[in-house]
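Visitor: Could you take me through the enclosed space inside this protein, and then through what lies around it? I would like one connected account rather than a list.

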Amino acid sequence: MLQQSPDTTTKHTNRHWRSASNGWHRGILLAVIAFLALGTASPRATAFSLALDSIAEWGKFPRFCIGTYRWGARFFNSYDSTYVEGSGKLFNVKTRVESWADTYNFRFSNGYRMEMLSKPTTSLGFYLTYMAVSVGYDLNFSKFFNGAQRARKKFNFQFNCSLFAVDYYSIHNDVGTTIKYIGDSKDMHKVNIDFSGIDTSSWGIDLYYFFNHKHYSQAAAFSYSKIQRKSSGSLYAGLSFWGQHYKFDFTSLAEELGEAKPESWTYNYQVKNKNYALKIGYAYNWVFHPGWAFCISEAPTIGIREGYINQPDQNRTTFSLSNRARISLVYNHKKKWFFGVVGSADTGLIYDKEHTLIGNNLMAEISAGYRFNLW
């Protein structure tokens with residue numbers, strides 16, 4: 001699942017404006033309310049304050065805006081406080097180390113196998129967050145270790161309230177990968193062949209609803225904006241849309257592949273498709289000790305695919321299948337300090353009668369931060 005801009009030089013750094021999750025609408029709404037309220041405030045208002053009760057006293061329209069905002073906050077983002085609570089802090093600063101890699105496993109119908117694993121791409125980021133609206137800076141320093149002149153790119157956007165969540169991702173790899181295993185399934189041998197004939201990209205967007213939204217918080221597990229106090233889980237379901245565009249040039253592997261590749265293939269393998277699917281999953285937050293929570297989430301996605309394999313003039317509609325598995329371990333100390341480890345594996349399947357391609361994107365993230373108030 002992938003996409004990006006290809007030209008990243010040795011000076012690769014990324015500036016991110018990220019809406020981290022759970023509550024970004026609150027910051028935007030408060031800003032809009034304050035702006036509108038200033039224009040409609042009573043002349044008697046002499047002191048400026050962003051406290052909700054203070055804004056409500058500015059006049060009838062500000063009072064209406066605050067009432068609407070509070071209704072929305074209750075409807076979209078309320079929890080049973082026995083299970084989930086807020087931190088009570090509006091700001092946080094955090095540092096994050098993220099590392100990810102992608103794999104491509106070809107399995108031909110004649111029993112031949114070929115498995116590829118890219119070198120990890122690792123970044124170090126620093127973020128300042130106000131009510132989960134974040135601005136940060138990520139430095140990609142993996143080039144210092146693997147010597148890449150360009151870097152693969154991955155972008156993620158996640159938003160969730162108590163009722164639902166939205167995820168967007170895009171990933172692109174035109175740098176290369178390494179072939180780790182090749183050969184017949186009965187006689188596969190380990191190799192270490194650098195392979196640069198690759199240009200893969202994918203993107204996707206998921207929208208899903210939490211059925212047990214009063215007791216389970218995804219924000220507590222993956223974005224540190226809530227705190228899970230008591231163990232609970234939830235079934236979730238929704239829609240998933242994604243697209244893939246893969247190009248592999250196997251010319252440099254003519255000797256290794258020999259006659260093993262499917263008869264109808266040239267040495268250029270191409271895939272382009274769009275997928276429309278239903279996502280059904282389950283997540284559980286296990287609070288095994290005060291302040292600690294372990295989450296596991298699993299979500300298969302089943303639907304239809306429109307696109308082609310190797311023959312651009314022959315689009316077909318077929319069955320599509322993908323899967324997203326996620327885990328996290330979070331520690332909160334007195335609602336101020338937090339520490340988290342997150343891992344995910346996104347798996348997609350491409351197949352026809354001659355082959356199967358299993359693609360994976362693997363990610364690990366370590367974060368540490370501090371929550372605070374300025375007013």
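Guide: A cavity is here a set of grid points where a 1.4 Å probe fits but cannot get out, whereas a pocket is an open set. With that in mind, and remembering that this is a predicted model, one can begin with the largest cavity, which holds about 90 Å³ of space. A search of the whole structure finds six cavities of 30 Å³ or more.

The wall of the largest cavity is made by Val271, Lys272, Asn273, Arg305, Gly307, Tyr308, Ile309, Arg316, Thr318, Ile350 and Tyr351. Four strands each give at least two residues to this lining, namely S14, S15, S16 (316–333) and S17 (337–351), and the largest share, four residues, belongs to S15. Sorted by class, the lining comprises five nonpolar, three polar and three charged residues.

Ile309, which lines the largest cavity, also leads to an open space, since it is listed with Ser264, Asn310, Gln311 and Asp352 as closest to the centre of the second largest pocket. That pocket contains about 330 Å³ of space, and its lining is made up of 15 residues. Strands S14 (268–289) and S15 (292–309) each contribute at least two residues to the lining of the pocket, just as S14 and S15 each do for the largest cavity. The pocket lining divides into four nonpolar, seven polar and four charged residues.

Strand S14 in turn leads to the largest nonpolar core, to which S14, S3 (91–108), S4 (112–117), S9 (177–184), S10 (189–195) and S13 (232–249) each supply at least two residues. This core has 23 residues, and those with the most contacts inside it are Phe106, Met114, Met116, Phe248, Phe250 and Tyr269. Met116 can serve as an example of the packing: leaving aside residues up to four places away in sequence, it touches Asp102, Thr103, Tyr104, Asn105, Phe106, Thr177, Thr178, Ile179, Lys180, Phe195, Phe248 and Phe250. A second, separate core of 17 residues includes Trp100, Ala165, Ala221 and Ala283.

Finally, the cysteines deserve a word, as the structure holds zero disulfides. Cys161 has a relative accessible area of 1% and is therefore buried, and Cys295 is likewise buried, with a relative accessible area of 1%.

Technical notes:
Residues are numbered from 1 along each chain as its sequence is written. This is a predicted model: local features need pLDDT of at least 70, side-chain atom pairs count only at pLDDT 80 or more; totals for chains, interfaces and linings use all residues. Side-chain values use heavy atoms; hydrogens and water are left out. On a 1 Å grid over the protein atoms alone, a cavity is a set of points where a 1.4 Å probe fits but cannot get out, and a pocket is an open set with protein on both sides within 12 Å along at least five of seven lines; lining residues have an atom within 4 Å of a point. Grid points are joined across faces, edges and corners, and a volume is the space filled by probe spheres set on the points. Ala, Val, Leu, Ile, Met, Phe, Trp, Tyr, Cys and Pro count as nonpolar, Asp, Glu, Lys and Arg as charged, and the others, Gly among them, as polar. A disulfide is a pair of cysteine sulfur atoms within 2.5 Å. Buried means under 20% relative accessible area, exposed over 50%, partly exposed in between (1.4 Å probe, protein chains only). A nonpolar core is a set of buried Ala, Val, Leu, Ile, Met, Phe, Trp, Tyr and Cys residues joined through side-chain atoms within 4.5 Å. Contact means heavy atoms within 4.5 Å.
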